[in-house]
Amino acid sequence: MADDAKQKALDEKERKKAEVRARLEAAAAGKKAKKGFMTPARKKKLRTLLRKKAAEELKREQERKAEERKKTIASRCGPQKNLDGINEAELINICKEYHDRIAELEGQKYDMEFQARHKEYKINELNIQVSDLRGKFVKPVLKKVSRFEYGKFEKLMRAAKKADNDFRTNLKSVGPSTKYKLEDDVKESKPEWAAGVKEAAKKGEE
């Protein structure tokens, strides 16, 4: 009886091992089958379908934007005026109407831009206050300078310096002249009558 029980236990153990082995083999076979599911033909077909769908979506998006643009223009400018067979007075009235409409839209645009700038200023002020409370240094926004413009400025400076040097070297050297000397450096020349009086006095003494 004891031998029969041991044999049954061994058989049961072997059976369970066989079941586990069979499940593992089935799982491995399923994975291999899944790996080979996307064949090159299927991939090509899938890419074609995706491109077709993307083109359709893009076309619908463009049509939607064009329709929105037409609606916006119609709401802002009104219906298109018929200019066939109208006189000068009616044409002037139409021009005035469009001019007033443009002025109104420009005013609205200016108000919106002013509000946007005001909000940006408030946001910057709040960011600075938050940074001050946290004790962090706010790096200032630096203006970008084009390297091309900087190089052009350097070239202009070098050209100006070269022209100045050429001008100095081309100057002619002149001899000493008393034209630009100070009065103390110029010797005083006596008039002829004073020289004659001095000579006559010397002769009288002799």
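Glu104 and Arg101 are three residues apart in helix α3 (residues 88-134), so about one helical turn separates them. Their side chains meet in a salt bridge, with an N to O distance of 3.3 Å. The model is predicted. The protein has five helices and zero strands, and a search of the whole structure finds six salt bridges.

**Salt bridge in α3**

- Glu104 has a relative accessible area of 40% and is therefore partly exposed.
- Arg101 has a relative accessibility of 28%, so Arg101 also counts as partly exposed.
- Elsewhere, Glu12, Arg15 and Glu19 are joined into one network by salt bridges that share partners.

**Salt bridge in α1**

- Glu12 pairs with Arg15 in a salt bridge whose closest N and O atoms are 2.1 Å apart.
- Both Glu12 and Arg15 belong to helix α1, where three residues, or about one turn of the helix, separate them.
- Glu12 counts as partly exposed because its relative accessibility is 33%.
- Arg15, at 38% relative accessibility, counts as partly exposed too.

**Salt bridge in α2**

- Arg60 forms a salt bridge with Glu57, and the closest N and O atoms are 2.5 Å apart.
- Arg60 and Glu57 are three residues apart in helix α2, which means that about one helical turn lies between them.
- An α-helix has 3.6 residues a turn, so residues three or four places apart point the same way.
- Side chains of opposite charge can pair when their charged atoms come close.
- Arg60 has a relative accessibility of 44% and so counts as partly exposed.
- For Glu57 the relative accessible area is 39%, so this residue is partly exposed.

**Geometry of helix α2**

- Helix α2 covers residues 40-77, which is 38 residues, and at 1.5 Å a residue it should span 56 Å.
- The end C-alpha atoms of α2 are 55 Å apart, so the model agrees with the expected span.
- Gly78 follows α2 and has a positive phi, near 80 degrees.

**Surface patches**

- Lys43, Lys44, Arg47 and Arg51 form a positive patch on the surface.
- Among these residues, Arg47 is placed in helix α2.
- The relative accessible area of Arg47 is 46%, so Arg47 is partly exposed.
- A nonpolar surface patch consists of Met38, Leu46 and Leu50, which together have about 270 Å² of accessible area.
- Met38 is located in the loop between α1 (2-35) and α2.
- Met38 has 35% relative accessibility and therefore counts as partly exposed.

**Whole protein**

- Along the sequence, the helices follow the pattern α-α-α-α-α.
- Of the 206 residues in the protein, 1% are buried.
- The protein exposes about 21,100 Å², and carbon and sulfur atoms supply 57% of this area.

Key. Residues numbered from 1 in each chain as written. Predicted model: local features only at pLDDT ≥ 70, side-chain atom pairs only at ≥ 80, totals over all residues. Heavy atoms only, no water. Helix = DSSP H or I, 4+ residues; strand = E, 2+ residues; numbered from the N terminus. Expected span 1.5 Å × (residues − 1). Patch = residues over 30% accessible without salt bridge, like charges linked within 9 Å, V, L, I, M, F, W, Y side chains within 5 Å. Areas by Shrake-Rupley, 256 points an atom, 1.4 Å probe, with all protein chains shown as cover. Salt bridge = Lys/Arg side-chain N within 4 Å of Asp/Glu carboxyl O. Lys, Arg positive; Asp, Glu negative; His and termini not counted. Charge placed at Lys NZ, Arg CZ, Asp CG, Glu CD. Buried < 20%, exposed > 50% of the residue type's maximum accessible area, 1.4 Å probe, protein only.
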